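Trainee: I would like to practise reading a structure. Can we go through one together?

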Amino acid sequence: MGKETGPEEVASLDRLLTRLALTEDAQLEKVLSKLLPMAISRMASPHQPTKLKVMEMLNHINKRVKDQLSIKLPLKELLVLYRLPNADPTVRNFSFIYIGMAYEHASPEEQAEVVPDLLAGVSKVRVEHQDELLRMVAKGLEQYASVLKNKSQTTKYAFIEDSADCNLFVEFCLQTLLYQPVSITQEGTVAIPGAPPGLSAHQATRVAGKGLLRGEQLVLRKLGLLNFVAELELKVDLLYPLFLVASVDNNEKVSKRGDELLKRKTTGVNLEDSTLIRRLFTIYLGTVSNASIEANSKVSPAGPGLKARLMATFTRSIAAANEFPLTLQCVFDCISGPGSTTRLKQAGMEFSVWIFKHAVDRQLKVMAPLILTGVIKLLTGSHPSEADSASKQMRAFCYQAIGQLAQRAPHLFSGSTEMVVRLFEALKVEAVAIRSNIQEALSSLAGAFKDCTTEVAAELEALLLKHVQAVEDEARFCSILWASRWNKFDHAPSRYLCMLGAADTKLDIREMAQQGLVPPKNEKSGLPEAAYPSLKHMLDYIYQQQDRIRSPAPMGERLLLFSAKTFVAMIEFLKKCFEAECNEPQTGAKNEEASSDISAKEAFRLLLEHGMAHDGTVELHVMASNGLLELAAIDPESIANTYKNRLPWLKQFVGHIDSTTREATGRLLGICAAALSSSQAEDLLKELVSSFELDTKRRFEDLQGAVCATGYVLAQCMTGVPKVSRPLLESTTGALITKITLDSANDNLAGSAAEALGHAGLRGPLPIPAGDLHSSSPAVASESTIVETGGSPMDTGREQTLVPSTPAVVVEGEPLKQIEGETSEKEEVSLALAVKNLTGLLACKEVKVVQKAVISLGHLCYGNPKPELLDASLSALFTLSKSKAEDILFSVGEALSFIWGGVPISADKILKTNFVSLSASTNFLNEDAPVHGKDVEMEVAHDENDRDAARDRVVKKLF
């Protein structure tokens, strides 16, 4: 059959039109299923009359089916016709028109069934057709709003394999989910003209078509799309934006479903994918305002809710922190953009913190100054007192951002103290909940000023000095924190601030201040890796703060120049500075500062004097008096010359309530005695002796202090410098011996007298007759009378006492027998009487008193190795050999060392320093004691043969 001519085509169509006109409505659907595709295909005819006849037939069909939705049109056949590869454009256009009409007449099931055909190759058709086809797809998927009825059918969609088709569909889904219903006035007009948030006017039309898409229809369409795409095997980076947008939809059903799918379907999303992140930024920002495109094509920014949700995503992506300039645009939109909310400002500041932490240096260098300006503007925009809970959280993120930026870009802050001042002031006015964030920011800022200029450093010093005494705990804490971290350890102002902080009322501030006074240690070696500041520089700075420290302390000074705890920390630190300088090798550079070293020592001495003020604590007085003694030990001549005319100032501390301070004062008087004239020394001795010999009803502290000082002064006078008359030396020695009596009311005073006598005995034989050491029978406590103090000998945690016993005769190896015929007549003062009284003191209850008596016997024997004295002393000491009191056994061992001779300690070391015991001075209990082949300095010129018998006896007793 050949090709029809034009008239033949018209005749054929005319017959079909006649039959169509005669067809009943009930049969019309069946007829149209074949006639309509055939008629449209005739539009490809080259003959114009044929086309006109087809148009006449189509008009007839339109009139009959337009209002009768029950009459179905051949939708699938029309789609086949539309998809023909070489279809005539006219045929394709008419097919498309009747596809739309057939879609309206189709049932929901049929609409869903043709969705695969609608999407297949959708990216390759005309743009106008694309929009209509995609709207048909969205309408067809409405039936899946509640549940996807047949999940298996999603596997047959070929459009997934075509990236262009897939991307076009996903883009349309995103635009549909972004679409929000417009408000209509009573007159039927749009209340707020323009595109919905996140869309352009053109995109909104693409989604809604010619009509308005709103209400339940819009909800069903969004839910259908969500359920449909959730079952497709799409990449997670395509699904993530869809579900994220849906999760903040205004409709609760949509937002709930979107949030559910976001959590369930996108757990493996890669937020470091730059393509995904840029897509999210585009959703947030829309079209850049200065872009040269048509107004209808400009995409408006997302709504506030979606913006906040996107910002939460950005703060989990390092890639987002480095998408300059999109990153910067988002931050400023949150901080100061039109319509920004408190929640958005908070999110923007949180993202700023994230940027400062994770942005690469190249981009941070550009962004940091701009964001910092916005942060400051945000902080100054409102007063902290007006902030609600959300605003407080936003301000907290502002301070966090400043802290992060200080670590990454310190150069933005180091040129001025403006930010430091702002943060310190904020600690006073901001809410308590925010102050921790301000503290962190200040802590980070400390590192930014390590290499600041001299002018900036001076401003910082004044600022920190001001706030270290602030009412707010946080301000004081940050001041001490800065002092600990801001500068090097040898920075005098920082160490001074730590000294002030050591007296703070808050424990954490005190501990941090104390830590700031300890040089940092190397992590590997554990040794200090920072040098102490110069003593002179440290004292010069303290003098700038308190100029009275360079004047001598007046007699009876009452008020402290600093608080007691600050004074203690100051003295302790200055001592370490002084020790560090003393331990350094004297190089040429040091020699140049020799004169300044002397002035530094003098200033340190004057500061120690002020530490002895009446209002000071016992701890402070101990620290200050020991400090003076340490200076005297290094340069006794200088100290002696300084205080020889200020003895009354020293003597006011002889009766101090603290025994350690009294001991240090006695040692200082003994050192000063070397610079006195003979008459001054005699007057001092007489004054001290009269203090405890004549007025026995005085306070115990006064009596004990006078006895202690007498021993040190007498020891110095026995050296011949100064020269004191022998009768006075004898009477002074006798006064001490008479105080060594076993009396329960004065046991401690007797122990002090024994110790003082021993100190004098270190310098040589006592200036008294020897007496009959052979015939004397000193009364001591026998071994059997030593009371076990309970527990093992190592149990030193409880008080150890001795029970007094009846005086007994010393018989080595046997219990001592009661002396018969003993008289109470006053005996002549002699060395024998001294040994007798000391031996009797061994029966005292107090362990410390026994220790002092034991050590005194050792000292006497060391200065006077007379065989008779050594023998009598050993007999007394051996009676304590089985004592369970560990401290007493240590003291006996030390006394035996002095009797043996060759101890590595000089008399000056014992008398003019803070000497406690041989074991303490040689670190015997902590490390190996030094080995000495011969006596060191102390051994006086005595025949070694004098000690041989005593040494033999010690060996026999021990081994």
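Trainee: Is leucine 958 buried or exposed?

Mentor: Start with the cut-offs: buried means under 20% relative accessible area, exposed over 50%, and partly exposed in between (1.4 Å probe, protein chains only). Leucine 958 has 52% relative accessibility, so leucine 958 counts as exposed.

Trainee: What should I know about the model itself?

Mentor: This is a predicted model: local features need pLDDT of at least 70, side-chain atom pairs count only at pLDDT 80 or more, and totals for chains, interfaces and linings use all residues. Residues are numbered from 1 along each chain as its sequence is written, and side-chain values use heavy atoms, with hydrogens and water left out.

Trainee: Which helix holds leucine 958?

Mentor: Helices are DSSP runs (H or I, at least four residues), numbered from the N terminus. The run over residues 945–958 includes leucine 958. That run is helix H45.

Trainee: Which salt bridge joins two side chains of helix H34?

Mentor: A salt bridge is a side-chain nitrogen of Lys or Arg within 4 Å of a carboxyl oxygen of Asp or Glu. Two residues of helix H34 sit four residues apart, so about one helical turn separates them. Their side chains meet at 3.6 Å, N to O. The pair is glutamate 663 and arginine 667.

Trainee: Is arginine 667 buried or exposed?

Mentor: Look at its partner too: glutamate 663 has 15% relative accessibility, so glutamate 663 counts as buried. The relative accessible area of arginine 667 is 6%. Therefore arginine 667 is buried.

Trainee: What is the volume of the second largest cavity?

Mentor: On a 1 Å grid over the protein atoms alone, a cavity is a set of points where a 1.4 Å probe fits but cannot get out; lining residues have an atom within 4 Å of a point. Grid points are joined across faces, edges and corners, and a volume is the space filled by probe spheres set on the points. The whole structure has five cavities of 30 Å³ or more. The volume of the second largest is about 50 Å³.

Trainee: Which elements give two or more residues to the lining of the second largest cavity?

Mentor: The lining residues include Arg667, Tyr712 and Leu911. The elements are helix H34 (659–673), helix H36 (700–717) and helix H43 (907–912).

Trainee: How many salt bridges does the structure hold?

Mentor: One of them joins arginine 135 and glutamate 132 at 2.8 Å, N to O. Others link Asp473, Arg476, Asp504 and Lys506 in a network. The total for the structure is 39.

Technical notes: On a 1 Å grid over the protein atoms alone, a cavity is a set of points where a 1.4 Å probe fits but cannot get out, and a pocket is an open set with protein on both sides within 12 Å along at least five of seven lines; lining residues have an atom within 4 Å of a point.
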